[in-house]
Amino acid sequence: MDVSAATKPNPVTAIHRRLARVTKRYLRHPGFTGDIQNLAFLPLVDIFGSIQKPMANHTHQPPNESRNVLLSKLPREQFESLRPNLQLVDIEPPVVVFEANQPVRHAYFPESGMISVVSIMADGRTIEIGTIGREGVAGGTLLMDVDQVPYRYFTQLKGRANRIEATRFIDFAARSPELRSLVLRYEAAFTTQSMQGAACNGLHTVQQRCCRWLLTARDRCDSDEISLTHEFLAMMLGVRRASVSDVLRPLQESGLVSSNRGLITILNRAGIEAGTCECYRIIADQQRRLLEM
Ligand SMILES: [Zn+2]
């Protein structure tokens, strides 16, 4: 009788022990959000190797997963198939992502930061008509055979985005009803954002619109600190640069925000929500419904 077999470690038991250890570590990992479904993202490589540390400023990113809502909702095997086509790029403001009436050559899935869409009038004045953060994609109109629009897309808040060439994006979506559906539902949410924004610009005060913008930016960048100059905020709200101080002053005096050297800090989110109009909630609710966020 070979007694040595009794002393050899059982490889299956060893993997189970290793898996239990890694799972415990994963539950304590700063990238674990508390959602038990995230355990499905536990990559096999982690059973045999170490758990990756999250990147700076990406502390909620599960290992090997995208923080972009659309990409994170893709079935895992499709995301892995799409991944070689994605290029992670820094989006540093103010870089023009798409120029108005120029061909869209890439789609951008933000992981962080924010892209603004602005309308430019003949006299040079601009006003924001929408923002795109990690809940969406810039360039989704490519899936509707639209490769240019009369609006400028530029990076408003610093971050990162997964970029894909337009032709590869269209080809992949033709083979992936899931990606196509996610992008089209996002485009419907973006349409609600711009339609409600048109109503808001016509009927609500600049103070209410400013509060809506701050809440939206806060949702996009997951931080109460929003890096934004008065000049940019004026452009977003479609008001003169000098008017921005008048808009912010009551908010500062009420202790809702502080503003210093290009940094606006939300001090009281509930107060800002009370100061905005119903448009913020209408847009956020529709987005949540369409994207099941
Ligand atoms: Zn409004």
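Let's call a residue buried if 20 or more other C-beta atoms lie within 10 Å of its own, exposed if 12 or fewer, and partly exposed in between, with C-beta atoms placed from the backbone. What you're looking at is a predicted model, where local features need pLDDT of at least 70, side-chain atom pairs count only at pLDDT 80 or more, and totals for chains, interfaces and linings use all residues. Residues are numbered from 1 along each chain as its sequence is written.

By that yardstick, buried residues make up 31% of the 293 residues in the chain. The secondary structure comes to 12 helices and 10 strands; helices (H or I, at least four residues) and strands (E, at least two) are DSSP runs, numbered from the N terminus. Take two residues to be in contact if their C-beta atoms, placed from the backbone, lie within 7 Å. Of the contacts with a separation of 6 or more, 72% are between residues 24 or more positions apart.

Now for the inside. A nonpolar core here is a set of buried Ala, Val, Leu, Ile, Met, Phe, Trp, Tyr and Cys residues joined through C-beta atoms within 7 Å. The largest one has 56 residues, and Leu70, Tyr108 and Leu214 are among those with the most contacts inside it. Setting aside neighbours within four places in sequence, Leu70 touches Phe109, Gly136, Val137, Leu182, Val183 and Tyr186.

Tyr186 also turns up in a helix pair. Helix H7 (residues 177–203) packs against helix H12 (residues 279–291) at about 170°, with the axes 9 Å apart; axes are lines fitted to C-alpha atoms, for helices over the stretch in contact, and angles run from 0 to 180 degrees between N-to-C directions. That makes H7 roughly antiparallel to H12, the label for angles over 145 degrees (under 35 is roughly parallel, 65 to 115 roughly perpendicular, the rest oblique). On the H7 side the contact includes Arg185, Tyr186 and Ala189, and these meet H12 residues including Ile282, Ile283 and Leu290.

Next, the sheet. Three strands form an open sheet in the order S1-S7-S3, with antiparallel pairing; two strands pair if DSSP finds at least two bridges between them. Strands S1 (87–91) and S3 (106–110) stand at the edges with a single partner strand each, so one side of each lacks a neighbour in the sheet. The twist averages 40° from one strand to the next. S1 and S7 (residues 159–165) share five bridges, and Val89 has Ala161 as its bridge partner in S7. Helix H6 (residues 166–175) lies across S3 and S7, running at about 75° to S7.

Further along the chain, helix H9 (residues 230–237) has Leu233, Met235, Met236 and Leu237 buried. Their cover includes strand S4 (114–120), S5, helix H8 (206–221) and helix H10 (241–253). Just after H9, Gly238 takes a positive phi of about 70°. Another positive phi, near 45°, belongs to Arg261 in the hairpin of S9 and S10, which has two residues between the strands. Those strands, S9 (residues 257–260) and S10 (residues 263–266), pair in the antiparallel sense over four bridges, with Asn260 opposite Leu263.

Finally, take a look at Pro150, in the loop between strand S5 (126–132) and strand S6 (152–157). Pro150 counts as exposed because it has 8 C-beta neighbours inside 10 Å. Leaving out neighbours within four places in sequence, Pro150 is in contact with Ala100 and Asn101. The C-alpha atoms of Pro150 and Ile120 are 8.6 Å apart, across 30 residues of chain.
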